[in-house]
Amino acid sequence: MTRERSPRRLRRRDRNALIAASLTALSLTASGCVVVHGEREVLPAATRAEAAKALTAFTDAYNKADKAYDSSLDAPYMTGALADIDAARLKAGHVNSPSGNPDHSPLKLTDVRITIPKKAGWPRWFVADAKGNKGGSYRWVLVFTRGDLGERWRVAYLTLMAPGTVPEFRKDEDGWAEAVPADTTQLAVRPDELSKSYASYLKSGGKTFADGRDTSKLRADRAKEAKKPGLVRQFIDEPLTHGAYAPLALRTADGGALVFFTTHHYEKQTAYTGGLVQVPNKSVQALVKGEVKQSLTMESVANEAVLDPAGSGPVRMLGRVQGLTSAQGE
């Protein structure tokens, strides 16, 4: 026999189910376990407090690693170009001074300015620039990024910029900045084409980049080095754009963009028959594999920050840090 439920009992059951659902939703909200679809919602990449905390955590880890010459201490706080450069620097330091850095002095960042873009999708990222107690009067400009809510904030780009060259950013009424799509065609050069364009410029020149230390002067210095007697120098420059090396762009107040990107470089020095190649210094020597006789190939990674204007006009280099990552002797 089937027992029929009365309308009153059915109403009571539905009401209890509704109360239970409401309590569950309230519990999730109170605990912070609310699913936000970051791939669709346009949201600030981080809270200002969260960004400040990430900068402090990075600085603490950086100082511990530098003091001990131990890359395991700051590797969890870095990615991309900076991770490659810093790991090699600390490896060389450890080889030459296994007990730690005898010249260590802690990095201290003051006058910190944090710029957080409002965007949809991952990665989320933000920029911090500050005055450091190292590097003279240059400002330290760091780009923090992460791929989802479960990841730690890591620094992918670190460049030094001269005072007054960090541009003013476009912000909304709440103070949030604007991220620029990598494939935009509204700039002189698409952000996702800058790495390729710069590698091509170093090889062939052109008018894409404004004259400066890291553009026309760098090309001139290479040409001068190539003419030194007894030694042949060859340079290979390649774009680097995948994963953590992808470009990131932030809208400036004038409608252009500050773009961070990465490039990959090789320099091969070959002595003429009977000659020997000299290793530049002990830091390079610490990274050399093989025996340096007639040639030395040095591999490096660079991260660049440029002002990419709206419409047309040359791209201006604002900061560039290049670091040796490996070397091979033959």
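**Two pockets and two buried residues**

Biologist: Which strand gives the most to the lining of the second largest pocket?

Modeller: In this predicted model, one strand supplies three residues to the lining of the second largest pocket. No element gives more to that lining than strand S6.

Biologist: What is the volume of the second largest pocket, and which residues are closest to its centre?

Modeller: The second largest pocket holds about 350 Å³. Its lining is made up of 23 residues. Of these, the ones closest to the centre are Trp122, Pro123, Trp125, Thr145 and Leu248.

Biologist: Which elements give two or more residues to the lining of the second largest pocket?

Modeller: The elements that meet this condition are strands. They are S3 (117-119), S5 (139-146), S6 (154-161) and S9 (248-251).

Biologist: How many nonpolar residues are in the lining of the second largest pocket?

Modeller: The lining can be divided by class. Five of its residues are charged and four are polar. The nonpolar residues number 14.

Biologist: What is the volume of the largest pocket, and which residues are closest to its centre?

Modeller: The space in the largest pocket comes to about 460 Å³. It is lined by 20 residues. The closest to the centre are Leu218, Phe235, Glu267, Met298 and Gln322.

Biologist: Which helix supplies at least two residues of the lining of the largest pocket?

Modeller: Strands S8 (231-240), S10 (257-271), S12 (295-308) and S13 (316-329) each supply at least two residues of this lining. A helix does so as well, namely H5 (216-226).

Biologist: How many charged residues does the lining of the largest pocket have?

Modeller: By class, six residues of this lining are polar and seven are nonpolar. The charged residues number seven.

Biologist: Is alanine 271 buried or exposed?

Modeller: Alanine 271 is placed in strand S10. Its relative accessible area is 3%. The cut-off for burial is under 20%, so alanine 271 counts as buried.

Biologist: What is the distance in space between alanine 271 and glutamine 294, C-alpha to C-alpha?

Modeller: Alanine 271 touches Gly230, Leu231, Leu276, Val277 and Gln294, leaving aside residues up to four places away in sequence. In sequence, alanine 271 and glutamine 294 are 23 residues apart. In space, their C-alpha atoms are separated by 5.2 Å.

Biologist: Is threonine 115 buried or exposed, and which residues does it touch?

Modeller: Threonine 115 belongs to strand S2 (residues 109-115). Because its relative accessibility is 4%, threonine 115 counts as buried. Not counting residues up to four places away in sequence, threonine 115 touches Phe126, Val127, Phe169, Lys171, Ala177 and Leu250.

Conventions. Residues numbered from 1 in each chain as written. Predicted model: local features only at pLDDT ≥ 70, side-chain atom pairs only at ≥ 80, totals over all residues. Heavy atoms only, no water. Helix = DSSP H or I, 4+ residues; strand = E, 2+ residues; numbered from the N terminus. Buried < 20%, exposed > 50% of the residue type's maximum accessible area, 1.4 Å probe, protein only. Contact = heavy atoms within 4.5 Å. 1 Å grid on protein atoms, 1.4 Å probe; cavity = no way out; pocket = protein on both sides within 12 Å on 5 of 7 lines; lining within 4 Å. Points joined across faces, edges and corners; volume = space filled by probe spheres on them. Nonpolar A, V, L, I, M, F, W, Y, C, P; charged D, E, K, R; others polar.
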